[in-house]
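Here's a quick walk through a two-chain model, from the contact between the chains to what goes on inside one of them. Have the structure open while you read.

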Amino acid sequence: MNINIKYFGLLAEVTQQEAETINFEGKLVSELLDVLQSKYPALKNKDFKVAQNQELVSINTEITGQEIAILPPFSGG
Amino acid sequence: MTNRYNRHIILSEIGQIGQDKITKAKVLVVGAGGLGCPILQYLAAAGVGTLGIIDFDTVDITNLQRQVLFGNASIGQNKAIAAKERLTDLNSDISIITYPEPLTYQNAIGLFKEYDIIVDGSDNFETRYLVNDACVITNKPLVYGAIYKFEGQVSVFNYNNGPSYRCLFPEPPKKGTVPNCSEIGVLGVLPGIIGSMQANEVLKIVLGIGDVLSGKLLYYNALTCSTTLLKINKTEEQFLSVLKDAPSFNKKQLNIYCDTERVISLYDIINIENFQLIDVREPQELPKVIGKEVTHIPLSSLEDNLDKIMFDKENLIFCQSGVRSKQAISILKNQGINNCFSIKEGASEINDFLSNHYKTTTNDR
């Protein structure tokens, strides 16, 4: 299945892109993160949350949608 | 005489009844910086009857690119007090209460109880979690905003049984993994946009109109002009664990303020008679500081060079932006060395300052 992934904030810097489409055959968000972390090892040291179809989900959630967003916390003010 | 709030009152959604609600509202803004300035400006202009401002920091010249309540004359002044001066001129009919001190685990609960709505314009994770937890304990809605370079996040937490900041990000990220504005820069207009959105959420809550941004995180990118709205689900355990720890809340310490107690501004060093300047940048970093003797100890090798710290004078530590120098203070504190201060300004401002205030010859060792 093709999944569109959006990266926000410094995660776009880590992955050098704001969005990409990847082919993913796994089942859970955590498996998708494994794929992304092996593709971008620097992601392992980052804190972030995952949204699927515009809803923030836990890593144990099943991938059902094709729109994934990965967002870091911001602290600036 | 035409009413100051005429353009509100003639809106059928607001009217005199709505304007009276704004007059009765009590709103506390945490931080009078990039976000705080536009938040305060619009809330004061709108006539929020009681506006609290808490900020321990002082205005410096690099703030003026985005912190629009301040001008050259404000440099060196406390931000809460400088903001009040400008806001009083904008609207003298409202009551503005300043707290020129850090928000801490000791003062937060008492302070929050005095207000209806808390607005987070702080610039560090420690304070953001403190604000969240104190809002959960006092059951106050929290209007949240945060920025990074060209992007911003806005949400309303703890509103009408909605989720809290911890439902979004349960724990603070590991220290040093997320840089802040002073380390990486920020587009000046971005906090203007995000802070204005926060002020808008405050007014919607006060007026009871529209859809409050609760249970949703709004993401804004200034470069693409795109917004993304993400749904946040409430995690009951996050509330329970904060409430469970509530009895020991005022015993906690904010790490950042242990450090910032030892942060000084250049304008304070005139009062220090005997000091040595320590540059903790790497040797290749520019500009070199000239006009005063400087000891070079890169942060990476600080622990191996403790013998260069003077015990008979104050050690004033600087770097490019005031971030590494703060880390140096923590390292030295852990070694039991306390006669050290971090200069909050960076090397180029230090040069400007030294050329204006000191005429000592260069002896750069």
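## A salt bridge to start from

Keep in mind that this is a predicted model. A good place to zoom in is the pairing of B:Lys149 with A:Glu13, whose side chains form a salt bridge at 3.0 Å, N to O. The interface of chain A and chain B has 2 salt bridges by the rule used. On the chain A side, the elements that put two or more residues against chain B are α1 (10–15), β3 (49–52) and β4 (55–57).

## The rest of the A–B interface

How many residues does each chain bring to the contact? Chain A brings 21 and chain B brings 40. Together the two chains bury about 2400 Å², and 57% of that sits on carbon and sulfur atoms. Within chain A, the residues that lose the most area to chain B are A:Phe74, A:Ser75 and A:Gly77, which together make up 29% of what that side buries.

As for polar contacts, 13 residue pairs link chain A and chain B, counting pairs with both residues at pLDDT 80 or more. The chain A side that touches chain B is a mix by class: 8 nonpolar, 6 polar and 7 charged residues.

## Two domains in chain B

Now for chain B on its own. The domain assignment splits chain B into domain 1 (6–253) and domain 2 (262–357). Their centres, taken over C-alpha atoms, are 32 Å apart. Where the domains touch, domain 1 gives 9 residues and domain 2 gives 7.

The two domains bury about 580 Å² between them, 53% of it on carbon and sulfur atoms. There are 2 salt bridges between domain 1 and domain 2 of chain B. Take B:Lys344 and B:Asp60: they form a salt bridge, with 4.0 Å between the closest N and O atoms. Polar contacts across this domain interface come to 2 residue pairs, again with both residues at pLDDT 80 or more. On the domain 1 side, the residues touching domain 2 are 2 nonpolar, 4 polar and 3 charged.

## A mostly covered helix

Last stop: α3 of chain B, residues 36–46. Is this helix mostly covered or mostly exposed? Mostly covered, with 8 of its 11 residues buried. The buried ones are B:Gly36, B:Cys37, B:Pro38, B:Ile39, B:Leu40, B:Leu43, B:Ala44 and B:Ala46. Right after α3(B) comes B:Gly47, which has a positive phi, near 95°.

Key. Residues numbered from 1 in each chain as written. Chains lettered and ligands numbered in written order. Predicted model: local features only at pLDDT ≥ 70, side-chain atom pairs only at ≥ 80, totals over all residues. Heavy atoms only, no water. Contact = heavy atoms within 4.5 Å. Buried area = accessible area lost by both parts, 1.4 Å probe. Polar contact = N/O pair within 3.5 Å; in protein donor to acceptor, adjacent residues only side chain to side chain. Helix = DSSP H or I, 4+ residues; strand = E, 2+ residues; numbered from the N terminus. Nonpolar A, V, L, I, M, F, W, Y, C, P; charged D, E, K, R; others polar. Buried < 20%, exposed > 50% of the residue type's maximum accessible area, 1.4 Å probe, protein only. Domains from an automatic or database assignment.
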